[in-house]
Amino acid sequence: MADRVYPAAKPAVPNGTAAPAPAPAAAAAANGGANQTFPANKAQLYNAARPTYRPMPPPRRKHRRSCCCCCCLFITLFIITIVLLAAIAGAIFWVLYRPQRPSFSVSTLQVSQLNLTSTKLASKFSLTVVARNPNKKISFFYDPINISFNSADVDIGDGSLPAFTHNRKNTTTLKTVVSSSGKNLDDSAISNLKSKLKNKKSLPLEIKLDTKVKVKVGSLKTKKVGIRVKCSGIKITVPSGKTPTKATTSNVKCKVDLRIKIWKWTF
C-alpha cells in the first residue's frame with residue numbers, strides 16, 4: 001500500500017489574490033493516484049447480459065398474393081370471353097332470323113250490358129282481337145289466354161280465349177265474350193264507377209291478356225314463357241236499351257311484355 005504524502009503547510013497567499021488551483025497530478029495524488037469507481041447496479045448487470053432485441057421481419061406473402069391475382073385475372077377473362085361469345089351468337093341469330101315480337105290489336109268491342117247496383121255489377125262485352133306474327137322463320141304456340149277488363153281500377157269483366165298456333169307471317173282473328181254476372185263490389189268501387197259515368201258519360205277501359213307462349217325457331221322449341229298484352233286508351237259507354245254500343249278503339253295501343261317469375265315474384 002502506497003504511503004500518502006501530506007503537505008507540511010499551505011503556501012502563503014498574498015492578500016487580494018486567489019489561491020491557485022491544485023495541479024492535476026496533485027489532485028490525482030490526493031485522490032489516491034486513480035479515478036474513483038462505483039459498483040454496477042442490477043439494471044446495468046441485466047442489460048449487459050441481455051442480448052440485443054432485433055424484430056423479426058414480417059412473413060412473406062408474395063406467393064399467396066400472386067395466386068389470388070392470377071385467380072381474379074382468370075375469372076375476369078372467363079367472364080369477358082362468355083360475354084363476347086354471347087354477343088357474337090346473338091348477332092348471328094339476329095342476322096339469320098330477324099326476330100320480332102308478335103303484335104295484338106283490338107278490332108271491335110261492343111258493350112251489350114253494364115248494370116250497376118248498390119253492391120253488384122253485371123256486364124257483357126263482345127271482343128275481337130287480331131294477332132299478327134311478322135316473323136318469317138319463327139312460330140308461336142299460345143296457351144289459353146285469360147282476359148280481364150278493368151275500369152277505374154275495378155274488375156268489370158273476365159273471359160278467355162282458346163289456345164292457338166301462330167304460324168309464320170300469319171294473322172289470326174280471335175273472338176270471345178267477356179262478362180260478369182252479379183259480381184259483388186265494395187261501396188267505394190261502385191261509387192267510383194258511378195261518378196265516372198255521371199261526369200264523362202263514358203268509362204276508360206283497359207284490357208289485359210295473360211298467357212304463356214312457346215317459341216319455335218327452325219326445329220328448336222323453347223320453354224314456355226309468360227307474356228302479358230295490355231291494351232289501353234279504350235272508351236266505353238253504357239247502352240241505354242237492348243242495343244249494344246260500340247267502344248272507341250281508334251286510339252288503342254297494345255303492348256306485349258314478358259312475365260318472368262322468380263320464386264314468388266313476377267316481373
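In this predicted model, K194 is partly exposed, with a relative accessible area of 34%. The residue sits in helix α4, which covers residues 187-200. Leaving aside residues up to four places away in sequence, K194 touches L116 and T117. The pairing with L116 spans a good stretch of chain: K194 and L116 are 78 residues apart in sequence, yet their C-alpha atoms are 7.8 Å apart in space.

That contact can be set beside the overall figures for the protein. Among contacts with a separation of 6 or more, 66% are between residues 24 or more positions apart. The secondary structure comprises four helices and 14 strands. Of the 267 residues, 25% are buried. The exposed surface of the protein amounts to about 20000 Å², and carbon and sulfur atoms supply 58% of that area.

Part of this surface is a nonpolar patch formed by F74, I75, F78, I79, I82, V83, L85, I88, I92 and L96, which together have about 1000 Å² of accessible area. One of these residues, L96, lies in helix α3 (residues 62-97). L96 is partly exposed, at 48% relative accessible area. C70, by contrast, counts as exposed, since its relative accessibility of 52% is over the 50% cut-off.

Turning to the cysteines, the model contains one disulfide. The bond joins C231 to C254, with an S to S distance of 2.0 Å. C231 belongs to strand β10 (residues 225-236) and C254 to strand β12 (residues 253-259), so the disulfide ties together parts of the chain that are 23 residues apart in sequence. The torsion about the S-S bond is about 110°, and the disulfide is therefore right-handed. The two partners differ in their surroundings: C231 is buried, with a relative accessible area of 3%, whereas C254 is partly exposed, at 23%.

Strand β10 comes up again among the charged pairs. Side chains of opposite charge can pair when their charged atoms come close, and the count here is two salt bridges. In one of them, D210 pairs with R228, and the closest N and O atoms are 2.7 Å apart. Because D210 lies in strand β8 (residues 203-217) and R228 in strand β10, this bridge ties together parts that are 18 residues apart in sequence. D210 is partly exposed, with a relative accessible area of 22%.

The other salt bridge brings together the side chains of D143 and K224, at an N to O distance of 3.3 Å. This pair links distant parts of the chain, 81 residues apart: D143 is in the loop between β3 (138-142) and β4, while K224 is in the loop between β9 (220-221) and β10. K224 is partly exposed, with a relative accessible area of 47%.

Beyond the loop that holds D143 comes a β hairpin. Here strand β4 (residues 145-151) pairs with strand β5 (residues 154-161) in the antiparallel sense, over seven bridges. Within this pairing, N150 stands opposite D155 of β5. Two residues separate the strands of the hairpin, and A152 takes a positive phi near 55°.

Conventions
Residues numbered from 1 in each chain as written. Predicted model: local features only at pLDDT ≥ 70, side-chain atom pairs only at ≥ 80, totals over all residues. Heavy atoms only, no water. Pairing = 2+ DSSP bridges. Disulfide = S-S within 2.5 Å. Buried < 20%, exposed > 50% of the residue type's maximum accessible area, 1.4 Å probe, protein only. Patch = residues over 30% accessible without salt bridge, like charges linked within 9 Å, V, L, I, M, F, W, Y side chains within 5 Å. Areas by Shrake-Rupley, 256 points an atom, 1.4 Å probe, with all protein chains shown as cover. Salt bridge = Lys/Arg side-chain N within 4 Å of Asp/Glu carboxyl O. Contact = heavy atoms within 4.5 Å.
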